[in-house]
Amino acid sequence: MSVLQKLDKSISDNAKREHWPGLIESYRSWLPVSNKTPVITLQEGNTPLIPVSSVEERIGRNVKVYVKYDGLNPTGSFKDRGMTMAISKAKEEGCEAVICASTGNTSASAAAYARRGGMRTFVLIPDGYVAQGKLAQALVYGAEVLAIKGNFDHALDIVREIASKYPVTLVNSVNPFRIQGQKTASFEIIDSLEEAPDWLCIPMGNAGNITAYWMGFKEYFEAKKSKKLPRMMGFQASGSAPLVLNTLVKEPNTIATAIRIGNPVNREKAISAQKESNGIFDSVSDEEIIEAYKMLGKEEGIFCEPASAASVAGLLKNKNQVPDESTIVCVLTGNGLKDPECAINNNDSIFNSGIEANIKTVAKAMSL
Ligand code: AN7
């Protein structure tokens with residue numbers, strides 16, 4: 001084989017390797033699937049781990065900080081990792097309809113995967129508290145949307161009861177297959193860093209994701225794929241911080257509507273993750289969330305939704321505790337495009353409108 005032919009072959013081998021079949025096929029031996037499981041996938045997973053120097057500089061001490069940008073999943077959030085599993089298993093069991101309560105992202109993801117699998121999708125959302133992009137997705141993907149006069153916690157109570165009485169499968173994170181799928185994010189982090197990070201910073205709502213990450217880190221550690229386990233650093237919005245305050249929050253409130261949850265179903269599992277990993281739960285104010293959100297956008301070119309920015313806001317709030325030379329991963333759970341209203345209302349950019357369409361006035365508006 002000539003040098004050129006060899007080069008050609010190596011390029012095409014790489015291209016083949018880079019075709020990502022979705023996370024069930026990529027991590028099949030780690031997941032509760034069999035040959036009989038119909039794999040319903042949108043080729044989710046394999047999301048980038050991006051270095052963020054603006055965060056590193058604010059911490060100093062030779063720290064490496066990455067964001068796991070799960071907003072690049074097919075429906076724009078980490079929920080797709082759980083949904084490919086939950087919906088594939090529901091299909092395997094012959095289910096014809098699924099239901100969930102949602103602050104938005106779960107409903108978008110459930111609708112996309114369930115409809116792809118040919119199932120009806122019912123979603124209960126808190127009326128008026130779901131970001132526009134998420135609602136648009138649920139509708140476009142063909143969900144049957146029920147907006148209730150109540151918050152997420154009320155919606156979850158209702159769907160749990162409905163799923164116990166009617167032939168519909170619940171796909172909130174009480175469904176164990178959701179957690180199984182979501183744990184693959186930890187595998188991907190270790191596969192890229194070739195070690196676990198020292199800290200894993202993550203926003204918490206219902207606390208399914210922190211539970212899933214911890215499961216993934218422990219499984220890879222036990223299989224000797226990493227030599228250490230990270231400290232699990234879970235962050236909530238201060239107006240909606242039941243895990244930080246160790247109580248229920250009856251009327252949760254925050255600009256980060258995704259994590260506007262006052263009674264997390266995975267409370268016990270999240271507390272175990274925190275205790276076992278010597279982690280920390282802390283809250284961040286809406287102002288701190290928006291500061292991190294704007295910083296990621298204008299200094300890093302990364303547009304996440306406000307709930308996701310809580311991971312970076314939490315890290316910055318706790319920066320004095322970061323050990324020298326450590327590696328930190330912040331999970332950006334959802335895409336910024338989900339919540340255009342928040343973006344339009346919270347930025348430091350210049351938006352001049354109504355400018356006459358000629359070079360002179362445009363140049364003048366540019367202060368040239
Ligand atoms: C962007 O969609 O609960 O702690 O119903 O959308 O696993 O609940 C969303 C949660 C973080 C919190 N970031 O994750 C829903 C929903 C984003 C989210 C969370 C959510 P969990």
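Student: What span should the 15 residues of helix H10 have at 1.5 Å a residue, and how far apart are its end C-alpha atoms?

Tutor: This is a predicted model, and the check can be made directly on its coordinates. At 1.5 Å a residue, helix H10, residues 208-222, should span 21 Å, and its end C-alpha atoms are 21 Å apart, which agrees. Helix H13, residues 286-300, also has 15 residues and an expected span of 21 Å, and there the end C-alpha atoms lie 20 Å apart, which agrees as well.

Student: Which residue follows H10 with a positive phi, and which one comes just after H13?

Tutor: After H10 comes lysine 224, whose phi is positive, near 65 degrees, while glycine 301, just after H13, takes a positive phi of about 70 degrees.

Student: How is the pair formed by tyrosine 213 and phenylalanine 217 to be read: stacked, edge-to-face or tilted?

Tutor: For ring pairs, planes under 30 degrees apart count as stacked and those over 60 as edge-to-face, the rest being tilted. The whole structure holds seven aromatic pairs; in the one between tyrosine 213 and phenylalanine 217 the ring centres are 6.2 Å apart and the planes meet at 40 degrees, so the pair is tilted. Because tyrosine 213 and phenylalanine 217 are four residues apart in helix H10, about one helical turn separates them, and both of them are buried. Elsewhere, ring pairs link Trp20, Tyr27, Trp30, Phe187 and Tyr220 into a cluster, and Tyr220 is among the buried residues of H10.

Student: Which residues of H13 are buried, and what do they pack against?

Tutor: The buried residues of H13 are Ile289, Ile290, Ala292, Tyr293, Met295 and Leu296. They pack against several elements, including helix H3 (53-59), strand S8 (231-237), strand S9 (280-284) and helix H14 (306-317).

Student: How many of the residues of strand S7 are buried, and which lie on each side?

Tutor: In a regular strand the side chains alternate between the two faces of the sheet. Five of the five residues of S7 are buried, so the strand is largely enclosed by the rest of the structure; Trp199, Cys201 and Pro203 lie on one side and Leu200 and Ile202 on the other, so that both faces are covered. S7 and S8 run parallel and are joined by five bridges, and within S8 the bridge partner of cysteine 201 is methionine 233.

Student: Which elements have the lowest and the highest mean pLDDT?

Tutor: The chain averages a pLDDT of 96, with 95% of the residues scoring at least 70. Among its elements, helix H1 (residues 3-18) has the lowest mean, 62, and strand S7 (residues 199-203) the highest, 99.

Terms used: Residues numbered from 1 in each chain as written. Predicted model: local features only at pLDDT ≥ 70, side-chain atom pairs only at ≥ 80, totals over all residues. Heavy atoms only, no water. Helix = DSSP H or I, 4+ residues; strand = E, 2+ residues; numbered from the N terminus. Expected span 1.5 Å × (residues − 1). Buried < 20%, exposed > 50% of the residue type's maximum accessible area, 1.4 Å probe, protein only. pLDDT = per-residue confidence, 0-100. Phe/Tyr/Trp six-rings, centres within 6.5 Å; stacked < 30°, edge-to-face > 60°. Contact = heavy atoms within 4.5 Å. Pairing = 2+ DSSP bridges.
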